[in-house]
Amino acid sequence: MAQALQNIAIQAPAFQGINTEDSPLAQDPTFSQRANNAVLDSLGRLGARKGFRDYADSWDYSAVVLPQNQDSYKVVVESMSHSEGVKPIIGMSVEFYSVGMQSLGKQYFFGFVDVDTRSVKVAEIPAPYAVEETIKGSIVPFNGESNTNYYIFGSGAMLEADPVKETVELANLNPAWYPPQDDNGIFTDRMDGTVACAAYGRIWVSGVKGDYQRIYYSSLENPYKWYDGTADQTGGTDNTGGIIEVSQYWPNGVDQIRGIIAHNNMLVVFGRNSILMYGNPQGDPAAVGGIYLQDTVDGMGLVSRDAVCSNGADVLFVDDSGVRSLGRSIQEQSVAIGDLTANVRTEIKTLIASTTDKSEISLTYWPQEGLVICNFNREGKGYILDQRKPSSSGGARVTTWSEISFDRSLHVEQGDKTLVLLGSSDGLGRYEGYVDGVNETYQMSYVSNPLTFGDSVREKFPKRYDITIASRNTFTDFSARWGVDGTLQYSTRLSANAQTPGLYYDPDYVVEEAFEVEGVALFGEAEFGRGDLTLKRYRVNTKGSGPAITLGVDAFIKGGFFSIQELNVQTQIGRIY
């Protein structure tokens, strides 16, 4: 005989993110089996991510030679970099089309992004280096003669990009250029490595002439002077450039350099299956008491050059086992510790293993959002790691994004203003705030683990499902979904209507500033701005019976703020079956 109706509350559903590793029946209900196109908002609620929106209003091609009869073009952004105080730079390919949409060929450029006008100034790449490998190369900001320049290491050359002059030139044309040499003369007249890092007053490069067992470093505060190879310092007595040989120091005997990053007064060199950490990289590395091998880690490494980032306190990287923390890995010398994706380990390992071209995997930190994005651009899928606090299992609080339309992303800071640029096959975009005008509607989904409410042997008869939604600036259709056999068998369509916005802002002001800035305008002469947050409970009558109840929410988002505050299910508990 069924008992009286009982109310079971799930407060802050998915507050701890997705967990597909532990037994669903033994998990805390604040974990979930699905939280897609979602983030954890500032109050820890599961909410819809922001939108992906076109960013650039104009592309200035006046400095390049365009094909004759070109009528339109398609931009693909392949790489991005930024140093505070100067314009961000992007590596881009452009396919030009005639009036009849006949392709006129593809060309390769770098572009300088003006965040005040949302425009991109396109610059030519010196021949014969205007190729795909160049725009996919490493871009590192480093102090130039009068400002911060970008130095690009890609295919066959070291390029120097000046964000003030908005030009790209060969670095070896600088009068101060001195290439790496050996005892027989010039070893290479251009630094053609593909892995690079600017740190401790030098540029560190690997992959020169295809050699990923050496690191070449420039002279102190001089990107034009490299190892002279002779005892009499033919490059000048002030040339402190040099070479670090790593081939004999891999802990597993053999490896290749995949990435270089600076962290905690160390130069961290990532191999594919191991890590080398060099201490005291400041000063002259070749001097007595200079740089030395401080530590090694075996059994883990970096899957690709762009799959590593720093969150300020630690270095995160993608290994075959998932996203890992370098600090914990060093401390524990263990594969199990420091695994930020431990809650989704099996599925992310499978995705990494099935990605043939590992360069498609990237890792980026967005400090303003408090997120690390592990992006699989071929799959259009991302694992989103919240950086504010870990889950109770020790791993990061993880959600996923699907149908991702960007391949690379870049956090940009200009003074006290911030934005996230997105580079993709659709050009240059932005991770946009909760405003109207995002490109398309996307689906945010939540699915709980099967819930037994501590009594797995009694039948459940759900009678009502209550969903409390926090929303702003949105009129969102969403579905309340539920099931009693581990799947979502039933669904009811609802509509979330937020309170009408009470502020006004001038949309032209927002565009001019290129940031999400609110300004008050006269009544009737501008559009609605942010409205107050609306909390509202939606109720659905339910049916079915079974030992466990699964709850879900599917919301169809276009602009607007949408978060799940609380779930309640009223159910009768039946007899032991």
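Which residue in β22 stands opposite isoleucine 261? In this predicted model, the answer is valine 268.

## The sheet

β21, β22, β23 and β24 make up an open sheet of four strands, in that order. Its pairing is antiparallel. Two strands sit at the edges: β21, residues 257–263, and β24, residues 292–298. Each of these pairs on one side only. On average, neighbouring strands of the sheet are turned by 20° against each other, direction ignored.

In general, the strands of a sheet pair through backbone hydrogen bonds, and the pairing is either parallel or antiparallel.

## From β21 to β22

Six bridges pair β21 with β22 in the antiparallel sense. Isoleucine 261 and valine 268 face each other across this pairing. The two strands form a hairpin, with two residues between them. Asparagine 264 lies in the turn. Its phi is positive, at about 50°.

## From β22 to β23

β22 covers residues 266–271, and β23 covers residues 274–279. The two run antiparallel and are joined by five bridges. They too form a hairpin, again with two residues between the strands.

Two residue pairs can be picked out here. Valine 269 has leucine 276 of β23 as its bridge partner. Phenylalanine 270 stands opposite isoleucine 275, also in β23.

## Burial of β22

Is β22 enclosed or open to the outside? Six of its six residues are buried, so the strand is largely enclosed by the rest of the structure. Both faces are covered. Met266, Val268 and Phe270 are buried on one side. Leu267, Val269 and Gly271 are buried on the other.

Residues already met in the pairing return here. Val268, opposite isoleucine 261, belongs to the face with Met266 and Phe270. Val269, the bridge partner of leucine 276, belongs to the face with Leu267 and Gly271.

## Cysteines

How many disulfides does the structure hold? The count is zero. Cysteine 309 is in no disulfide, and its nearest cysteine sulfur, that of cysteine 374, is 9.3 Å away. Cysteine 374 is likewise in no disulfide, with the sulfur of cysteine 309 as its nearest. A disulfide requires two cysteine sulfur atoms within 2.5 Å. At 9.3 Å, this pair does not meet that cut-off.

Are these two cysteines buried or exposed? Cysteine 309 counts as buried because its relative accessibility is 8%, and the cut-off is under 20%. Cysteine 374 has 0% relative accessibility, so it counts as buried as well.

Conventions
Residues are numbered from 1 along each chain as its sequence is written. This is a predicted model: local features need pLDDT of at least 70, side-chain atom pairs count only at pLDDT 80 or more; totals for chains, interfaces and linings use all residues. Side-chain values use heavy atoms; hydrogens and water are left out. Two strands pair if DSSP finds at least two bridges between them. Axes are lines fitted to C-alpha atoms, for helices over the stretch in contact, and angles run from 0 to 180 degrees between N-to-C directions. Buried means under 20% relative accessible area, exposed over 50%, partly exposed in between (1.4 Å probe, protein chains only).
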